[in-house]
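User: I am new to this structure and would like a close look at one part of it, namely a charged pair and the side chains that take part in it. Could you start there and then place that part in its wider surroundings?

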Amino acid sequence: MFVYSVILFSALVRVTKMNPNEMIVVDTGEDSSDDSDEASVEHDVSGVDIFVATSEWQEIKPGQGIPRGLHVRINMETGKREAKLYQDESKDSTKNRYDPEELKQALKNINDERKADSQQDSNRFRSIHELKSEFEEVNTKVETEFEIVDRLVLAFEQLKQEESETEAMVNILVNLEYYLHKYDNAIDFLTIKGIDRVLRPSLNASQIPELQQNAAFIIGSAAQSNPKVQIAFLEAGFVQSLMWKLDSPISVDVRSKCLYALAAILRNFPEAQNVFFSSGGLEVFSRVFKENPTENLNKIKIKMLTLVQDLLDERDNLDESLPSAAERKIQYYKTDLQDLMKKSGWCQVYKCPDLLGESTQDPLDHDRIEKVVTAMVRIKEICAQDFLQDLELQTTLKNLHSHYTTLMQEEKYTDGDEGDTDAFFSNLVTSLEAVIVQSNLNLKTEL
C-alpha cells in the first residue's frame with residue numbers, strides 16, 4: 001500500500017508500466033505544503049489492471065483503471081470504449097482536423113446531391129400541363145368530367161338518328177348516370193340542355209323500354225338532394241311524365257325506375273309535392289294496387305306506401321329552426337293531404353290481399369308485412385273508419401296478430417335471458433295492436 005499526497009489539478013502525473021502491480025509517480029517539485037489545495041488519496045493498486053495509454057486509440061477492457069487526463073470515446077462501429085493520450089491540436093497548425101478544401105468539396109457534393117434529388121422528383125412528379133403535352137403526343141386527351149358529359153351528350157344526339165344503335169345509346173345513358181349522380185355534374189348537365197337533348201327523348205321512346213328505364217334512373221340519381229336539379233325537372237314536366245309511366249301497362253322494371261325518379265324529385269320539395277297531389281298522384285298509385293299482383297309489382301306497391309308515409313312525416317316533422325321553415329310550411333299546406341287521402345280512396349289500398357295475405361312466393365314474408373303494418377300505423381288516425389269497416393281487413397289483421405303473438409313468445413323463449421335487441425315480432429305485434437285498437441276507438445268517437 002502506497003500513500004501519496006498530490007496537489008489537485010496542478011500535479012503532473014506520468015504513468016508508465018513497470019509491472020502489473022507497480023506505478024511510478026514523478027513529483028513536479030512544486031510546493032505541496034498548502035493544506036487548502038491538497039487532498040489525501042489512498043490507492044490499492046495491488047490487484048488493479050491499469051490502462052496504459054498511447055497516442056493511438058486502444059480499447060478499454062472491462063475492469064481496467066483509467067488514469068486522469070486521457071481522451072476517451074465510444075467507438076460507434078463497435079460500441080466499445082477507447083482511449084488515448086490527450087493531444088492539444090491547437091498547438092500544431094499543421095494538423096487541422098478539417099481541411100478547407102475538403103470542406104468545400106463536401107459542400108459541393110451536398111449541393112450536387114440536392115440537385116440530383118430535385119431532378120429525380122421532377123421526373124417522378126409532373127405538372128398537369130406536362131401531362132397534357134405528353135398525352136397529346138400520343139393522341140390522348142385528358143378530359144374533365146364536364147367535357148366527358150358534354151361529349152356523351154353529343155354522341156347520344158348523333159346516335160338518335162340511327163335506330164339500329166339502341167345498344168350504344170343505352171351504354172351512353174349508363175355512363176351518364178355514373179357522372180350525373182355527382183352534384184356539380186348534374187347542374188352542368190342542365191347548362192348544356194341535357195334535359196331536351198337526352199332525357200326527354202329517351203323517356204318518350206315508348207318502343208325502347210331500355211332507354212326509358214335508364215333515363216328514369218338518371219333523373220332519380222341527378223335529383224337526389226340537389227334542389228337546382230329538382231326545380232329544373234319539375235319545370236320540365238317530369239312529375240307528370242313519370243306519373244303517366246307508372247299508370248301505363250309497361251314493364252315493371254321501367255315502372256320501378258320511374259317511381260325511384262319521382263320520389264327523388266318529390267322529397268323535401270313541397271312545390272313538386274303539390275303538383276303531384278293536384279295532378280292525381282294518389283289516384284295513380286291507387287290504380288296500381290288494383291292490378292293483378294306479381295312479386296315485382298308488389299315491391300313497387302310497398303315502395304309507394306313508404307313514399308306516402310315519408311311525405312306525411314316530412315310535413316309533420318318540419319325543422320322550425322331552418323331559415324326557410326315558414327315558407328316551406330306555407331307551401332306544404334297548400335294541399336290538405338289528409339282530406340285528399342280520404343277522397344282519393346288511398347285508405348282502401350290496404351285491403352289488397354297480396355299485401356297482408358300469404359304470398360305464393362314466400363308465405364312468411366315478414367318484411368313485407370312489417371312495412372305494410374308500419375304504413376298503416378302512420379295513417380291510422382286518417383283511415384281508422386275505413387280500416388274498421390273493412391271486415392276482411394279486420395279478419396286479416398286479427399289473424400296476423402294471433403300468428404305473430406305466437407312467434408313473439410317463441411322469440412322470447414329462444415332468446416332467453418340474453419334477449420333480442422331487435423325484438424322484431426314483439427314490435428310487429430305492438431304495431432298490429434295499435435292499428436286494431438285505434439280503429440275501434442276512432443269509430444266509437446264518431447258514433
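Analyst: In this predicted model, Arg 255 has a relative accessibility of 5% and therefore counts as buried, since the cut-off for that class is under 20%. Its partner is Glu 291, and the two side chains form a salt bridge in which the closest N and O atoms are 2.7 Å apart. The pair links distant parts of the chain, with Arg 255 in helix 10 (residues 252–266) and Glu 291 in the loop between helix 12 (281–289) and helix 13 (295–316), a separation of 36 residues. Glu 291, at 30% relative accessibility, counts as partly exposed, whereas Arg 255 is buried. As a general point, side chains of opposite charge can pair when their charged atoms come close.

This pair can be set beside other salt bridges, of which the structure holds 16. Another one joins Arg 197 and Glu 157, at 2.9 Å from N to O. Arg 197 lies in helix 6 (residues 194–203) and Glu 157 in helix 3 (residues 145–160), so this pair ties together parts that are 40 residues apart in sequence. Arg 197 is buried, with a relative accessible area of 18%, while Glu 157, at 26% relative accessibility, counts as partly exposed. In the salt bridge between Glu 82 and Arg 73, where the closest N and O atoms are 2.8 Å apart, the acidic residue is the buried one, for Glu 82 has a relative accessibility of 12% and Arg 73, at 35%, counts as partly exposed.

The loop that holds Glu 291 is followed by helix 13, and Gln 309 is found in that helix. Gln 309 is buried, with a relative accessible area of 16%, and, leaving aside neighbours within four places in sequence, Gln 309 is in contact with Thr 374, Ala 375 and Arg 378. Arg 378 also belongs to a network of salt bridges that links this residue with Asp 313 and Asp 316.

The nonpolar surroundings can be described next. The largest nonpolar core has 97 residues, and among those with the most contacts inside it are Phe 285, Leu 305 and Trp 346. Leaving aside neighbours within four places in sequence, Trp 346 is in contact with a set of residues that includes Leu 282, Phe 285, Phe 289, Met 304, Leu 305, Val 308 and Ile 379. A second, separate core has 5 residues, including Phe 51, Ile 60, Leu 70 and Ala 83.

A further contact to look at is the one between helix 11 (residues 270–278) and helix 14 (residues 325–332), which pack at an angle of about 0° with their axes 9 Å apart. The two helices are therefore roughly parallel to each other. On the side of helix 11, the residues are Pro 270, Glu 271, Gln 273 and Asn 274, and they meet Arg 328, Gln 331 and Tyr 332 in helix 14. By class, this contact has 2 nonpolar, 3 polar and 2 charged residues.

For the chain as a whole, there are 20 helices and 5 strands, and buried residues make up 35% of its 447 residues. Contacts between residues 24 or more positions apart account for 63% of those with a separation of 6 or more, and the salt bridge of Arg 255 with Glu 291 joins residues that are 36 apart.

How values were computed: Residues numbered from 1 in each chain as written. Predicted model: local features only at pLDDT ≥ 70, side-chain atom pairs only at ≥ 80, totals over all residues. Heavy atoms only, no water. Salt bridge = Lys/Arg side-chain N within 4 Å of Asp/Glu carboxyl O. Buried < 20%, exposed > 50% of the residue type's maximum accessible area, 1.4 Å probe, protein only. Helix = DSSP H or I, 4+ residues; strand = E, 2+ residues; numbered from the N terminus. Axes fitted to C-alpha atoms, helices over the stretch in contact; angles between N-to-C directions. Parallel < 35°, antiparallel > 145°, perpendicular 65-115°, else oblique. Contact = heavy atoms within 4.5 Å. Nonpolar A, V, L, I, M, F, W, Y, C, P; charged D, E, K, R; others polar. Core = buried A, V, L, I, M, F, W, Y, C linked by side-chain atoms within 4.5 Å.
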